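Work through these short exercises with the model open. Try each task before reading its solution.

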Amino acid sequence: MSLYRWPADTPNPLMEVSGISPLQAELLNNRGVTTQEVPEFIDPDYHSHLHDPLLLRDIEPACQRIETAIEQGEIQNDYQPIVDSKTQDIVACETLSRWVKKDGSIIPPLQFIPIAESTGLIVPMSEKMLRSACKANIELCKKYNADFRVTANVSMRWLIDNDFVPFLS
């Protein structure tokens with residue numbers, strides 16, 4: 001089932017994106033994710049690149065590359081400082097995921113986060129990133145002050161996962 005929120009003169013836009021759904025459903029099912037867990041609204045601009053049959057063929061290898069990157073520590077935390085505008089002191093930081101390949105090249109987040117989200121790989125990736133951020137926070141508290149905080153974005157996919165709260169404890 002597809003939900004299309006933009007007007008169209010013909011049924012072609014919906015038909016074009018609906019052909020993607022069986023492949024996405026199969027990939028999600030292979031990873032133990034039900035389609036009810038990942039509602040998707042079809043944005044024609046976001047999905048315009050999905051007309052490329054090579055991309056569809058490359059989704060599963062991309063998942064394998066992301067899994068390998070997680071296992072090998074290529075997806076790393078990058079810390080963005082949060083500065084107090086009055087004192088100019090660094091009071092906190094936000095951790096962001098960055099994929100730094102062994103050769104030093106960087107894969108932009110927009111090229112791997114959406115795939116990780118839609119396939120469930122966001123959960124193991126986020127667990128590893130949050131563990132690392134917590135360890136870094138201990139050192140940053142020593143360097144700056146005991147009230148120093150590290151913030152992290154949490155995927156809705158992980159937030160609704162039954163293992164999220166136990167992970168935090």
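Three exercises follow, on a core, on cysteines and on a surface patch.

This is a predicted model: local features need pLDDT of at least 70, side-chain atom pairs count only at pLDDT 80 or more, and totals for chains, interfaces and linings use all residues. Residues are numbered from 1 along each chain as its sequence is written, and side-chain values use heavy atoms, without hydrogens and water.

**Exercise 1.** Find the residues with the most contacts inside the largest nonpolar core.

Solution.
- Apply the term: a nonpolar core joins buried Ala, Val, Leu, Ile, Met, Phe, Trp, Tyr and Cys residues through side-chain atoms within 4.5 Å.
- The largest such core has 18 residues, and Ile66, Ile75, Trp99, Phe112 and Met125 have the most contacts inside it.
- Two or more residues of this core come from each of α4 (59–71), α5 (109–119) and α6 (122–143). Helices are DSSP runs of H or I, at least four residues.
- Now take Trp99. Beyond four places in sequence, its contacts (heavy atoms within 4.5 Å) include Arg65, Glu74 and Ile106.

**Exercise 2.** How many disulfides does the structure hold?

Solution.
- A disulfide needs two cysteine sulfur atoms within 2.5 Å.
- From the sulfur of Cys141, the closest cysteine sulfur, in Cys93, is 9.5 Å away, too far for a bond.
- The count is zero.
- Check accessibility too. Cys141, at 19%, is buried (under 20% relative accessible area, 1.4 Å probe, protein chains only).
- Cys134, at 47%, is partly exposed (between 20% and 50%).

**Exercise 3.** Is Met156 buried or exposed?

Solution.
- Locate Met156 in helix α7 (residues 156–159).
- Its relative accessibility is 55%, so Met156 is exposed (over 50%).
- Val154, Met156, Leu159 and Ile160 form a nonpolar surface patch (over 30% relative accessible area, no salt bridge, nonpolar side chains joined within 5 Å). A salt bridge puts a Lys or Arg side-chain nitrogen within 4 Å of an Asp or Glu carboxyl oxygen.
- Together these four residues have about 370 Å² of accessible area (Shrake-Rupley method, 1.4 Å probe).

Key
Patch = residues over 30% accessible without salt bridge, like charges linked within 9 Å, V, L, I, M, F, W, Y side chains within 5 Å.
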